[in-house]
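Trainee: Could we go through this protein together? I would like to learn how the descriptive words are justified.

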Amino acid sequence: MVSDDTISEDYLLGKLKAAGLRITLPRRLISRVMAESHSEFINAATILERVASSAGRIDASTVYRTLDEMESIGLVHHVHLGQQPGTWHLSSDDDHQHLVCEECGKTTLVPWAEVEPIYRLFTEKYGFHAGGNHLAILGHCADDCDEPPGHPHASNDPTPHSEPTDKRGRDSG
């Protein structure tokens, strides 16, 4: 099995070709940028900038289309990390979930097998089918990134937060 850090441009191009896609110059350039990014989370604007700095301009729709193709054959994962634009990263494994520290930006990949029970609960108990790895679970990591004062789970917050609230945060009782 190939790891995210060793995925090369040739590997990506080979997988695209095996999926029946033509190897065009834009696909080659996008594959190069993705291969050079290793396990970095990268958005379409950054891909466009990196391509432009090395080889000239390509159309944004081509970037999105190529990333969609790469995602459909399992080469990249698309995820939204908080309020930022969607990002993609190379992925040589199966689905996983992302834990993102809102303080330092550290992202931890959690194997799907470890989060699948909560997704199953959403379906069985609430009839809700959550959308896989397109979302991130936001919070604060253990690397000295304490939750901000006033956060419901902060250890320094003396205020109880057990009262139900409506969607505007007002007491519903």
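Mentor: Happily! This is a predicted model, and the protein has five helices and six strands. From the N terminus on, the elements run α-α-β-α-α-β-β-β-β-α-β.

Trainee: What makes a residue count as buried, and what percentage of the protein does?

Mentor: Buried means under 20% relative accessible area. Of the 173 residues, 31% count as buried.

Trainee: How are helices H2 and H3 placed relative to one another?

Mentor: Two packed helices are described by the angle between their axes and the distance between the axes. Here, the axes of H2 (residues 25–37) and H3 (residues 44–55) come within 10 Å and cross at roughly 110°.

Trainee: Why is H2 called roughly perpendicular to H3?

Mentor: Angles of 65 to 115 degrees count as roughly perpendicular. The crossing angle is roughly 110°, so H2 is roughly perpendicular to H3. The crossing is also right-handed.

Trainee: Which residues make the contact?

Mentor: On H2 they are Leu29, Ile30, Val33, Met34 and Ser37. H3 brings Ile47, Arg50, Val51 and Ala55.

Trainee: How do these residues divide into nonpolar, polar and charged?

Mentor: Seven are nonpolar, one is polar and one is charged. Arg counts as charged, so Arg50 of H3 is the charged one. Ser is not on the nonpolar or charged list, so Ser37 of H2 counts as polar.

Trainee: And what area does the protein expose?

Mentor: About 10800 Å², with carbon and sulfur atoms supplying 51% of it.

Note on methods: Residues are numbered from 1 along each chain as its sequence is written. This is a predicted model: local features need pLDDT of at least 70, side-chain atom pairs count only at pLDDT 80 or more; totals for chains, interfaces and linings use all residues. Side-chain values use heavy atoms; hydrogens and water are left out. Axes are lines fitted to C-alpha atoms, for helices over the stretch in contact, and angles run from 0 to 180 degrees between N-to-C directions. Helices (H or I, at least four residues) and strands (E, at least two) are DSSP runs, numbered from the N terminus. Angles under 35 degrees count as roughly parallel, over 145 as roughly antiparallel, 65 to 115 as roughly perpendicular and the rest as oblique. A crossing is left-handed if the near helix is turned anticlockwise from the far one by less than a right angle, and right-handed if clockwise. Contact means heavy atoms within 4.5 Å. Buried means under 20% relative accessible area, exposed over 50%, partly exposed in between (1.4 Å probe, protein chains only). Accessible areas come from the Shrake-Rupley method with a 1.4 Å probe; for residues, only the protein chains shown count as cover.
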